[in-house]
Each structure stands twice: as C-alpha cells, then as structure tokens.
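Here's a quick briefing on one protein chain. Have the sequence and the 3D view ready, and follow along as each topic comes up.

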Amino acid sequence: MKMTKSILKFIIKIESDYHKSENREKISYTITKIGIFLNILLAILKFGIAIFTRSISVLADAVNNLFDSLNSIISFLGFKLSNRPADKNHPYGYGRIEYISGLFISFIIIVIGFEFLKSSLNRIINPEQIEYSLLSIILILLTIITKIWMAKLYGDTSKIINSTTLKVMSVDYMGDVLTSIVVLIPLITVKFTTFPIDGYIGILVSLFIVRNAFKMIRESVSPLLGESPDSDLVKEIKREVESFPDIKNAHDIQVHNYGVDRGAVSLDVEVPADKTIVELHHIIEKAQRRVTEKFDLDCIIHMDPIGDYTDEEIRVLEKIQDLMRFNKKYKEIFDFRIVVENGDKYAYIDMLVNSNQPDIDILESELRNYLNEISDEMIWKIKIMIDY
C-alpha cells in the first residue's frame with residue numbers, strides 16, 4: 001500500500017483526499033492507462049513466444065492479456081461515465097455504471113475461458129509438439145513478475161479509492177500470474193517428454209479463467225441488486241442520530257447505494273409529542289446534516305411523535321410485549337399508537353423481526369391473528385421491518 005501511494009504521489013501528484021471526486025477520477029484514469037499499456041506489451045511478447053514455440057497454452061495466455069487490455073479500456077470508459085454529474089433523470093449520478101463495466105468485463109473473460117477450453121481439448125485429441133526455448137522461459141518469468149506488480153497496484157488502488165472495477169481487475173491479474181506459472185510447465189517439460197501436457201495445462205488455465213470470471217460476476221451483481229447495509233455503518237448512523245436531544249429509537253434504517261461515495265439513507269425516529277413542529281424540525285434538520293457530512297449520504301429522517309399512552313394503549317402494548325417474550329422472531333416494536341378516525345379505531349404498529357425469517361407474509365399473518373384475538377374491533381395497521 002505504501003509503495004502504491006508513493007507511485008500516486010510521484011505520477012499524479014496526489015497524496016491525500018483520495019476519495020474526492022476529481023482525485024478519484026484522476027487516479028482511476030492513470031492506473032487504467034498503465035494497465036492498458038502493460039497488457040498490450042505483454043500480449044505482443046506472448047504472441048511472439050506462442051508463434052515460436054507453437055504452444056496453445058502460451059497462445060491462450062497471450063489472448064488473455066490482449067483481452068485484459070480491452071477490459072482496461074472498458075474500465076476506463078466505465079470510470080468516465082460513472083463520474084458524469086447527476087441530472088434530472090439520474091439525481092444520484094451514474095456511479096453504478098462502474099459495477100456494470102465490471103460485469104461486462106467478467107462476461108468477456110468467460111468467453112475467453114470457454115474458447116481456450118475448446119482449443120486445449122483439440123490439442124489433446126490432435127497433439128502437436130512444441131519447441132523448447134530457454135529465452136521463452138525467461139520472458140514468461142518476466143511477464144509473471146510484471147503481472148504480480150500490476151495485481152498489487154490495482155488491488156492497493158481499489159482499496160484507496162474504493163473501486164469495485166479495479167478490485168475485479170486485480171483478482172483477474174492474480175489469476176494471470178497463476179496462469180503464466182502453469183504455462184511454464186509444458187515449455188520446460190517438452191525437453192523431457194512427448195506427452196501432450198500443453199493441452200492439459202491449457203484446460204486447467206481455461207477452467208481457472210472461467211472460475212474467476214463467475215466470482216467477479218457475483219461481486220459486480222451484488223451491489224446492483226441491492227446489498228444489505230454494513231451493520232457497523234447502521235450502528236454508527238443510529239448512534240449519531242440518537243445523540244441529538246429528544247431523538248430516541250432510530251429504526252427502519254435503509255441505506256441505498258448508487259455507486260462509490262454516492263448513496264442515501266432514510267430512517268424513522270421517535271420524538272416527544274409535546275414539542276412543537278418548529279422545535280422538532282430544527283433538531284431533525286441538524287441530525288440530517290450531521291449524517292450527510294459524516295457519512296457522505298443524503299439523509300431523510302421521518303418523525304414518529306410519541307406521547308403518554310392511554311390505558312387502552314398500555315393494555316394492548318403489554319399483550320404485544322408478552323408475545324415478544326415468548327416468540328423471539330419478534331424483536332422490537334416502534335411507533336405504536338391507537339387513533340380514532342371517522343368512528344373506526346386504528347392501531348399502528350412497526351414491528352422489527354429477525355432477518356432469518358423465511359416468509360415475512362406468514363409472520364405478518366401470525367401477528368395479525370394474535371392481535372385480532374386482543375381486539376377484533378380494532379383495524380390493525382402493521383409494518384414489518386427486517387433487522388438486517
């Protein structure tokens with residue numbers, strides 16, 4: 001990490017504030033350009049070795065490097081598009097394009113893997129002797145050292161600027177290192193055997209490429225589908241909001257990811273019902289600003305006014321608490337109140353449940369049946385919240 005930061009300082013003249021939009025963009029572009037240049041250089045070198053030695057595994061490795069160059073170009077375009085400013089149709093910007101570019105790269109790698117799996121099988125069925133060359137072995141060793149350095153550069157930079165795409169590329173480069181190491185085997189053993197080991201090594205390389213690609217797909221798809229928020233982040237937001245006077249029991253905290261350093265959080269809080277709207281608005285506004293400044297998330301806080309419970313509310317609340325003591329699926333209750341509207345009596349309940357529940361609808365139905373036993377005249381308004 002220290003070496004990578006020194007490189008960033010020397011080449012890009014940046015040594016702090018890596019997450020600032022303009023700095024992150026500059027770092028991404030520079031690292032990607034380095035990757036494009038080196039991958040093209042390595043591809044040309046390995047193509048030359050493949051032609052000279054007639055090795056299918058080296059040729060697969062060369063094409064893999066060529067596609068790495070294409071992937072770097074796609075990454076570059078992904079960074080460029082993801083840093084477009086927010087507009088009317090995309091108020092949170094284009095940050096998720098970075099995940100899409102990572103996904104596109106993964107699909108390309110899968111195609112490469114399967115194509116060379118086919119070529120390697122053909123080499124086993126129709127063996128072809130490869131040429132021994134000490135110079136080729138030395139050059140492959142040099143490409144391995146180069147790829148190790150590139151994997152570290154991309155991996156460290158992905159942590160510094162929190163980039164999914166660079167992380168994906170770093171994993172791919174480490175796969176290239178292992179691929180090149182395996183490719184050395186037939187180049188060395190050809191001097192001692194005529195067994196078509198080149199084809200078998202090609203199969204191993206192809207399967208490794210495909211395996212890594214599927215792993216990268218999972219890492220790119222997960223944030224697009226919507227991941228559960230980091231539990232530590234949720235706890236920190238809750239702690240920060242509840243540090244303000246008159247704010248209690250922050251709950252239903254929902255964090256939305258729109259790309260690196262682009263997101264929003266919404267939550268409910270309980271506030272005293274005897275405070276004026278103006279007083280509460282001032283407190284809530286300060287809490288929202290604090291969350292936005294500290295966590296770099298747009299923040300929306302909804303107020304649940306809580307006053308003294310009536311005798312009826314206390315009776316119903318005690319019954320619900322009895323259920324919670326005996327059924328651990330139900331964790332906590334928020335924003336409970338009974339309201340009379342147009343002659344009908346409504347009971348509002350926000351219920352927090354464990355995240356390992358298989359069917360929330362069944363859980364809500366069970367709760368509703370229990371509440372109807374308490375009072376079948378009450379209209380129960382239930383909101384189930386999952387404790388992720």
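Start with L352: its bridge partner in strand β6 is M385. That pair belongs to a run of nine bridges, through which β5 and β6 (residues 379-387) pair in the parallel sense. Keep in mind that you're looking at a predicted model, with an average pLDDT of 82 over the chain.

**The sheet**

- Now look at the other partner of β5: nine bridges join strand β4 (residues 330-341) to β5 (residues 344-354), and these two run antiparallel.
- One pair to find here is I338, whose bridge partner in β5 is A347.
- The link between β4 and β5 is a hairpin with two residues between the strands. In that turn, N342 has a positive phi of about 55°.
- Put together, three strands make an open sheet in the order β4-β5-β6, with mixed pairing.
- Why does one side of β4 and of β6 have no neighbour in the sheet? Both stand at the edges with a single partner strand each, so one side of each is left free of a neighbour there.
- From one strand to the next, the twist averages 15°.
- In general, it's backbone hydrogen bonds that pair the strands of a sheet, in either a parallel or an antiparallel way.

**Helices on the sheet**

- Helix α10 (residues 311-326) packs on the sheet and touches β4, β5 and β6. The direction of α10 makes about 155° with that of β4.
- Helix α11 (residues 360-374) packs on the sheet too, touching β4, β5 and β6. For α11, the direction makes about 140° with that of β6.
- How do α10 and α11 meet? Their axes come within 11 Å and cross at roughly 140°. That falls short of the "over 145" needed for roughly antiparallel, so α10 counts as oblique to α11.
- The crossing of α10 past α11 is right-handed.
- On the α10 side, the contact is made by R315, V316, K319, I320, D322 and L323. On the α11 side, L367, Y370, L371 and I374 take part.

**Another helix pair**

- Helix α4 (residues 97-125) and helix α7 (residues 197-225) have axes that come within 8 Å and cross at roughly 165°.
- The cut-off for roughly antiparallel is over 145 degrees, and α4 and α7 are therefore roughly antiparallel to each other.
- This time the crossing, of α4 and α7, is left-handed.

**Checking helix lengths**

- At 1.5 Å a residue, the 29 residues of α7 should span 42 Å, and the end C-alpha atoms of α7 are indeed 42 Å apart.
- Just after α7 comes G226, which takes a positive phi of about 110°.
- You can do the same check on helix α5 (residues 134-161): its 28 residues should span 40 Å, and its end C-alpha atoms are 41 Å apart, which agrees.
- α5 is followed by N162, whose phi is positive and near 55°.

**How far to trust it**

- In this chain, 92% of the residues score at least 70 in pLDDT.
- Where is confidence lowest, and where is it highest? The low end is helix α1 (residues 2-11), at a mean of 68, and the high end is helix α9 (residues 277-295), at 92.
- As a rule, don't read predicted coordinates in detail where pLDDT is low.

Key: Residues are numbered from 1 along each chain as its sequence is written. This is a predicted model: local features need pLDDT of at least 70, side-chain atom pairs count only at pLDDT 80 or more; totals for chains, interfaces and linings use all residues. Side-chain values use heavy atoms; hydrogens and water are left out. Helices (H or I, at least four residues) and strands (E, at least two) are DSSP runs, numbered from the N terminus. The expected span of a helix is 1.5 Å times one less than its number of residues. pLDDT is the predictor's confidence in each residue, from 0 to 100. Two strands pair if DSSP finds at least two bridges between them. Axes are lines fitted to C-alpha atoms, for helices over the stretch in contact, and angles run from 0 to 180 degrees between N-to-C directions. Contact means heavy atoms within 4.5 Å. Angles under 35 degrees count as roughly parallel, over 145 as roughly antiparallel, 65 to 115 as roughly perpendicular and the rest as oblique. A crossing is left-handed if the near helix is turned anticlockwise from the far one by less than a right angle, and right-handed if clockwise.
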